[in-house]
Amino acid sequence: MKIQERTGAGAGRSASPAQPPVGDRLPSPPRERKPALAALAVLLILVGALGVTTLVVRVGDRVEVVKVTKDIPPGGRITDQNSAIVMVADDPGINYIKESQLSTIKGYKTVTMIPGGTLPVGEMFAKEPKAPAGKASVGLALKEGQYYADIKGGDEVAAYRVGSNGSGGSDSGDEGSSSSSASSALLTNASVENVKKDSDATVSTGSISITLLVDEEDAAAVASAASAGEVAVVRVPTE
């Protein structure tokens with residue numbers, strides 16, 4: 001009886017299903033390839049790299065240009081006192097005034113008002129610009145004592161009519177007229193366009209010739225006083 005029971009138990013164990021071999025796995029489905037997405041990713045990488053390279057090159061390509069440090073009125077000039085040299089990123093589309101062009105541009109006049117703190121471009125200057133609308137250029141020949149010592153182009157000035165010392169007017173007895181003209185303001189706000197000093201190295205007379213940019217309505221009075229040699233120019237304080 002015991003032998004039969006053991007045989008029966010063994011027969012029951014052999015009837016259980018056999019485990020499959022470890023190496024026999026179900027095949028995985030094939031991966032779906034997307035060549036278009038891969039190509040787009042590569043293209044985006046290349047564009048990004050090109051953009052970064054261009055930015056680095058542009059930032060590194062810097063040039064020295066002129067910067068205006070003080071306001072320059074119409075008809076004024078760039079000088080060492082109202083300009084400086086700064087470094088900026090080069091841009092072929094902007095006509096900056098390069099440091100190498102500074103000596104040349106000093107011989108040109110502004111065709112418009114240039115505020116301090118800006119980077120001027122070549123289009124703001126001309127060799128002989130036209131007077132702005134409502135303005136006129138008046139030439140003055142001044143003797144020593146009729147102008148202040150460091151007068152220069154771009155200065156803001158006022159002009160007064162002064163009596164001529166030792167002129168024939170004293171013989172005519174018009175002392176009252178001379179006294180009143182000495183305190184007559186011809187204009188209170190004008191710009192010095194240019195200054196030309198006496199170039200005679202052997203005999204210095206202290207005389208200069210200047211050109212003022214004035215309002216059209218003041219031009220006749222200033223020209224009349226200038227022809228009589230009765231104009232004195234003073235500097236107007238600016239902020």
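**View 1. The whole chain, contacts first.** Among contacts in the protein chain between residues at least 6 apart in sequence, 70% join residues at least 24 apart; a contact here is heavy atoms within 4.5 Å. This is a predicted model, so local features need pLDDT of at least 70 and side-chain atom pairs count only at pLDDT 80 or more, while totals for chains, interfaces and linings use all residues. Residues are numbered from 1 along each chain as its sequence is written, and side-chain values use heavy atoms, with hydrogens and water left out. The chain has five helices and nine strands, in the running order α-α-β-β-α-β-β-β-β-α-β-β-α-β. Helices (H or I, at least four residues) and strands (E, at least two) are DSSP runs, numbered from the N terminus. Of the 239 residues, 26% are buried, where buried means under 20% relative accessible area, exposed over 50%, and partly exposed in between (1.4 Å probe, protein chains only). The accessible surface comes to about 16200 Å², with 56% of that belonging to carbon and sulfur atoms; areas come from the Shrake-Rupley method with a 1.4 Å probe, and for residues only the protein chains shown count as cover.

**View 2. An open sheet of five strands.** The strand order is 5-8-7-6-9, with antiparallel pairing; two strands pair if DSSP finds at least two bridges between them. Strand 5 (135–142) and strand 9 (231–235) sit at the edges with a single partner strand each, so one side of each has no neighbour in the sheet. From one strand to the next, the twist averages 40 degrees. Axes are lines fitted to C-alpha atoms, for helices over the stretch in contact, and angles run from 0 to 180 degrees between N-to-C directions.

**View 3. Strand 6 against strand 9, with helix 5 on the sheet.** Strand 6 (residues 156–161) runs antiparallel to strand 9, and five bridges join them. Look for alanine 159 opposite valine 233 of strand 9. Helix 5 (residues 216–227) packs on the sheet and touches strand 5, strand 6, strand 7 (184–197), strand 8 (208–215) and strand 9. The helix 5 direction makes about 15 degrees with that of strand 5.

**View 4. Threonine 211, tucked into strand 8****.** Threonine 211 has a relative accessible area of 18%, so it counts as buried. Leaving aside residues up to four places away in sequence, threonine 211 touches Ser137, Val138, Gly139, Ser191, Val192, Glu193 and Asn194.
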